[in-house]
Amino acid sequence: MQILAVTIDLDDTLWPVLPALERADRDLDDYLRQHCPEVARIWPIPQLRALRAQVAAERIDLAHDFTAQRYLTLQRAFDACGISEAPLDALWEVFAAARNSVELYPDALPALERLRNTWPVASLTNGNADLERIGLHLHFAHRICARDVGVAKPDARIFLAAAEKLGIAPENILHVGDDPELDVVGARDAGLRTAWINRAGHPWPGALGAAPDLDVCDLAALVEWLEKAV
């Protein structure tokens with residue numbers, strides 16, 4: 001296969017996302033305790049997480065927009081406390097600052113530097129990571145986010161939107177990601193080639209159909225394979 005461009009997932013592909021999300025929840029809780037103590041008392045971290053899950057379940061029309069889900073969650077928390085004027089933008093800024101304070105996998109930055117020297121690279125994510133805040137935006141020719149496209153992985157339309165943005169046929173694009181269903185199955189069904197970043201060395205779940213074109217332990221192995229294939 002001839003690879004002319006690469007799309008790459010962000011969370012849990014370039015960095016582990018859970019530590020950043022947990023830090024964001026703690027920072028948000030600290031802010032509420034300082035500035036909105038009644039809300040903090042009624043909505044500690046576990047309850048606020050449960051409320052967000054409830055919002056996600058009820059508002060499937062927002063399945064592609066994690067930011068809108070969080071805004072709505074916070075508004076509901078304040079409404080439940082009888083406070084109509086919630087400082088949503090300030091709360092989001094607290095959350096976003098911590099959410100984008102990520103620690104890259106050791107192989108991520110060297111791989112991105114090598115990739116962009118040979119191929120146009122586009123980020124393709126369901127999440128709300130901010131590449132400018134993180135400091136990685138210059139490594140990407142394009143940034144495709146579910147929030148902007150209106151659909152989320154594994155929907156084929158987000159992958160086809162990336163192909164259109166890149167100006168390259170899907171069959172000549174390699175999508176790279178950690179999630180078997182969202183990344184591999186989604187990209188495969190859209191006609192892209194697929195690379196599974198399988199850091200834990202799991203067997204491919206056969207129930208998901210054909211295995212990815214490439215199953216590698218990290219991004220360094222991915223780049224080595226790609227450079228040999230050029």
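Two residues are said to be in contact when heavy atoms of theirs lie within 4.5 Å, and this idea of contact will guide the walk through the structure, which is a predicted model.

Helix α9, made of residues 156-166, is a good place to begin, and its buried residues are I158, F159, A162, A163 and L166. These residues cover an arc of only 145 degrees around the helix axis, which means that they sit on the same side of α9. The buried residues of α9 pack against several elements, namely the strands β1 (5-8), β2 (121-125), β3 (142-145) and β4 (173-177), together with the helices α8 (146-149) and α10 (180-189). On the face of α9 that is turned away from this buried side, one finds the exposed residues R157, E164 and K165. Just after the helix comes G167, which takes a positive phi of about 70 degrees.

The loop on the other side of this helix also deserves a look, for P154 has its place in the loop between α8 and α9. The peptide bond that joins K153 and P154 is cis, with omega at about 15 degrees.

From here the reader can turn to T125, a residue that lies in strand β2. Is T125 buried or exposed? Because its relative accessibility is 4%, T125 counts as buried, given that the limit for buried is under 20%. Leaving aside residues up to four places away in sequence, T125 touches D9, L10, I144, C145, A146, K153 and I158. Among these partners are K153, which takes part in the cis peptide bond with P154, and I158, which is one of the buried residues of α9.

Helix α11, which spans residues 219-229, can be read in the way that α9 was read, and its buried residues are L219, L222, V223 and L226. They cover an arc of only 95 degrees around the axis, and therefore they are found on the same side of α11. What these buried residues pack against is a set made up of the strands β1, β4, β5 (193-197) and β6 (214-216), along with helix α6 (108-116).

Another part of the model shows how two helices meet. The axes of α4, residues 66-80, and α5, residues 88-99, come within 10 Å of each other and cross at roughly 125 degrees, which makes α4 oblique to α5. Their crossing is right-handed. On the side of α4, the contact is made by T67, R70, Y71, L74, Q75 and F78, while α5 contributes L88, D89, L91, W92 and F95. Sorted by character, the residues of this contact divide into 7 nonpolar, 2 polar and 2 charged.

Moving on to the loop between α5 and α6, the reader finds N100, which counts as buried because its relative accessibility is 7%. Without counting residues up to four places away in sequence, N100 touches N128, A129, D130, R133 and I134. Although N100 and L131 are 31 residues apart in sequence, their C-alpha atoms are 8.1 Å apart in space.

A last stop is D12, which lies in the loop between β1 and α1 (18-35). D12 has a positive phi of about 70 degrees although it is not a glycine. With a relative accessibility of 30%, D12 counts as partly exposed.

How values were computed: Residues are numbered from 1 along each chain as its sequence is written. This is a predicted model: local features need pLDDT of at least 70, side-chain atom pairs count only at pLDDT 80 or more; totals for chains, interfaces and linings use all residues. Side-chain values use heavy atoms; hydrogens and water are left out. Axes are lines fitted to C-alpha atoms, for helices over the stretch in contact, and angles run from 0 to 180 degrees between N-to-C directions. Helices (H or I, at least four residues) and strands (E, at least two) are DSSP runs, numbered from the N terminus. Angles under 35 degrees count as roughly parallel, over 145 as roughly antiparallel, 65 to 115 as roughly perpendicular and the rest as oblique. A crossing is left-handed if the near helix is turned anticlockwise from the far one by less than a right angle, and right-handed if clockwise. Ala, Val, Leu, Ile, Met, Phe, Trp, Tyr, Cys and Pro count as nonpolar, Asp, Glu, Lys and Arg as charged, and the others, Gly among them, as polar. Buried means under 20% relative accessible area, exposed over 50%, partly exposed in between (1.4 Å probe, protein chains only). The arc is that of the directions from the helix axis to the C-beta atoms.
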